Amino acid sequence: MAFWEARDFLFCGVCGTLLTFDSIRSASCPLCGFKRKAKDIEGKETRYTVTAEDIRRELNIEPFVTLGSAQTEEVVVKRPEVDKPCPKCNHTKAEYYTRQMRSADEGETAFYECTKCQHRFKE
């Protein structure tokens, strides 16, 4: 099977132009006259993906993130603190965050990090 038959069945096998349907029996190339039978095209599916970056590029819009002007500063994320004793050093303060570890009908898992010794534990 030729490459164009496997992937590009709506395009001309000679020049690559999009075929137009002249009748219910065939599609032809408007540039070079190449013809393909409609039964060769029938039942095939065409898919493509358009990303936000593709749209910005097409409309000449600046990208959201420019690598050349990326921040070089380190961003420190501060988690909320709770009164939770550390099992390792018994310090009373710990930062926490939660994650959904199993299915949606089960509760979240809470992860803690001691503010003194950085020991991590979960509940």
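# Exercises on salt bridges and a sheet

Glu53 is partly exposed, with a relative accessible area of 32%. The model in which this residue is examined is a predicted one, and the exercises below begin with Glu53 and its surroundings.

**Exercise 1.** Find which residue forms a salt bridge with Glu53, and explain how the two are placed in helix α3.

*Solution.* Start from the contact itself: the partner is Arg57, and the closest N and O atoms of the pair are 4.0 Å apart. Next, look at the positions in the helix, which covers residues 52-58; Glu53 and Arg57 are four residues apart there, which means that about one helical turn separates them. Finally, compare how each residue meets the surroundings: Glu53, at 32%, is partly exposed, whereas Arg57 has a relative accessibility of 52% and counts as exposed.

**Exercise 2.** Determine how Arg57 and Asp54 are connected, and state whether Asp54 is buried, partly exposed or exposed.

*Solution.* The first step is to follow the side chain of Arg57, which meets that of Asp54 in a salt bridge with an N to O distance of 3.2 Å. The second step is to count along helix α3, where the two residues are three apart and are thus separated by about one helical turn. The third step is to read the accessibility of Asp54, which is 29%, a value that makes this residue partly exposed.

**Exercise 3.** Describe the salt bridge between Glu95 and Lys78, and say where in the chain each residue lies.

*Solution.* Begin with the distance, which is 3.2 Å from N to O between the two side chains. Then locate the partners: Glu95 belongs to strand β5, while Lys78 sits in the loop between α3 and β4, so the salt bridge ties together parts that lie 17 residues apart in sequence. Now consider the accessibility of each residue, for which the cut-off for buried is under 20% and for exposed over 50%. Glu95, at 16%, is therefore buried, and Lys78, at 59%, is therefore exposed. Returning to the helix, salt bridges with shared partners join Glu53, Asp54, Arg56 and Arg57 into one network. The count of salt bridges in the model comes to eight.

**Exercise 4.** Work out the order of the four strands in the open sheet, and name the strands at the edges.

*Solution.* The order is β4-β5-β6-β7, with antiparallel pairing. The edges are formed by β4 and β7 (120-122), each of which pairs on one side only. From one strand to the next, the twist averages 40°. The pairs can then be taken in turn, and the opening pair is β4 (residues 81-83) with β5 (residues 93-99), which are joined by three bridges; here Val82 stands opposite Ala94 of β5. Continuing across the sheet, β5 pairs with β6 (residues 109-114) over six bridges, and Glu95 has Glu113 in β6 as its bridge partner. The last step leads from β6 to β7 over three bridges, where Tyr112 has Phe121 in β7 as its bridge partner.

**Exercise 5.** Identify which residues form a nonpolar patch on the surface, and find where Val50 is placed.

*Solution.* The patch is formed by Val50, Ile55, Leu59 and Ile61, which together have about 370 Å² of accessible area. To place Val50, look at the loop between α2 (38-41) and α3, where this residue is found.

Methods. Residues numbered from 1 in each chain as written. Predicted model: local features only at pLDDT ≥ 70, side-chain atom pairs only at ≥ 80, totals over all residues. Heavy atoms only, no water. Pairing = 2+ DSSP bridges. Buried < 20%, exposed > 50% of the residue type's maximum accessible area, 1.4 Å probe, protein only. Axes fitted to C-alpha atoms, helices over the stretch in contact; angles between N-to-C directions. Patch = residues over 30% accessible without salt bridge, like charges linked within 9 Å, V, L, I, M, F, W, Y side chains within 5 Å. Areas by Shrake-Rupley, 256 points an atom, 1.4 Å probe, with all protein chains shown as cover.
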